[in-house]
Amino acid sequence: MKEKINKYINDVNNIVISNLEEANSFKNQYLGKKGILNQVFFEFKQLPGLEKKELGQLLNQLKTLAFSKLEGVKNNQKSSKHKALIDVTLPSNYEKIGATHPLSKVKENIVDIFKKVGFSVAQEREIEDDWHNFSALNMPQNHPARDMQDTFFIDLNPDKLLRTHTSSVQIRHMDIHKPPIRIISPGRVYRKEDISARAHCIFHQIEGLYIDQNVSFSDLKAMINYFLKSLFGKDLKTRFRPSFFPFTEPSAEVDIYWGLESESDYRITKGTGWLEIMGCGMIDPNVLKNVNIDSEKFSGFAFGLGIERIAMLLYQIDDLRLFFENDIRFLKQFQKAF
Ligand code: DAH
């Protein structure tokens, strides 16, 4: 009898119960009416008093063990039931998600506007040489226009510099592709400027280039008007002011009418209501010559604008440095913008 009970104790200890079915069959086998425990108790009752005393404890041990085994399974079951009861339709905890940087957002919007009318994106290196950044754009050595763009020189021989504008992409692109050309080129540019609320040594531009037969200034005007109205709103007033860029002739600066409704409108438009937005012009024949495109046969226009400036206007940001500091309090305001 003693060995029998010890064997049952051993069996119960070794039994692994992993689901409800196994729990039920364990219950029947050990604790059921005709189960092992009742059988052993029945046999136990028949024993003489002295043996009872000795085996009683062992039998109780088996009984407690069997019950606690079953209890353990029930508890496990309860906690997994609890897990299954989690309501997945409830709103989740707030997750910190990022936001598109305002400069990326503005860049994407501008690129999309031009893609709609057949422009494709061309990107080029930021480390340039003198030829592509200056000379080929009709700014030979000692040309005074070079002073307008204070340059970071990396090396002089062979010459290496950080591009001061995205106009260098025009040259790189025309070196390889011949007309018709319709490209838009966003990218980072560098100038040796003191950092302030209005200027930075790193900023972003978008360059546009269109070359084909019979492209005229009125095509340029129509394109820029389409672009600015798409970006700022349908009823926008624009004006083209004669200007000078070495790589375009004639050249113009484009202003938009911003209005004079608030104190800040007066400040940013210097009291005129007009805001300068971008430069543009018809490609100078010298530039076409530098990339071996026949200026008798082809003509084209180019334009360039600063992305920061547009973003500052659209989002009413008055300090350029905010774009580069990556302050989370600034950036998270753009989670829902646009
Ligand atoms: N590259 C000029 C700048 O950085 C901007 C510019 C003006 C680009 C007129 C052009 C253009 O393509 O036609 O100030």
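## Around the ligand, and a few backbone oddities

Sixteen residues surround the ligand, and His 165, Ser 167, Arg 191, Gln 205 and Glu 207 come nearest of the 16; a residue is near if one of its heavy atoms lies within 4 Å. This is a predicted model, where local features need pLDDT of at least 70, side-chain atom pairs count only at pLDDT 80 or more, and totals for chains, interfaces and linings use all residues. Residues are numbered from 1 along each chain as its sequence is written, and side-chain values use heavy atoms, with hydrogens and water left out.

Here are three polar contacts to the ligand, a polar contact being a pair of N or O atoms within 3.5 Å.

| Side chain | Ligand atom | Distance |
|---|---|---|
| His 165 | nitrogen | 3.0 Å |
| Ser 167 | nitrogen | 2.9 Å |
| Arg 191 | oxygen | 2.8 Å |

On its own the ligand has 360 Å² of accessible area, and the protein covers 90% of that (Shrake-Rupley method, 1.4 Å probe). Strands S6 (202-212), S9 (274-283) and S10 (299-306) each give two or more residues to the shell; strands are DSSP runs of E with at least two residues, helices runs of H or I with at least four, numbered from the N terminus. By type, the shell has five nonpolar, nine polar and two charged residues. Here Ala, Val, Leu, Ile, Met, Phe, Trp, Tyr, Cys and Pro count as nonpolar, Asp, Glu, Lys and Arg as charged, and the others, Gly among them, as polar.

Now for helix H7 (residues 168-176): seven of its nine residues are buried, so the helix is largely enclosed by the rest of the structure. Buried means under 20% relative accessible area, exposed over 50%, and partly exposed in between (1.4 Å probe, protein chains only). The buried ones include Val 169, Ile 171 and Met 174, but also Arg 172 and His 173.

On to the backbone. Most residues other than glycine have a negative phi, and most peptide bonds are trans. The bond from Pro 179 to Pro 180 is cis, with omega near 5°, and Pro 180 sits in the loop between H7 and strand S5 (181-190). Glu 249 to Pro 250 is also a cis peptide bond, omega near -5°, with Pro 250 in strand S8 (residues 248-257).

Asn 142 has a positive phi, near 65°, and is exposed at 73% relative accessibility. Lys 270, with a positive phi of about 50°, is exposed too, at 77%; its loop runs between helix H9 (263-268) and S9.

Note on methods. Polar contact = N/O pair within 3.5 Å; in protein donor to acceptor, adjacent residues only side chain to side chain.
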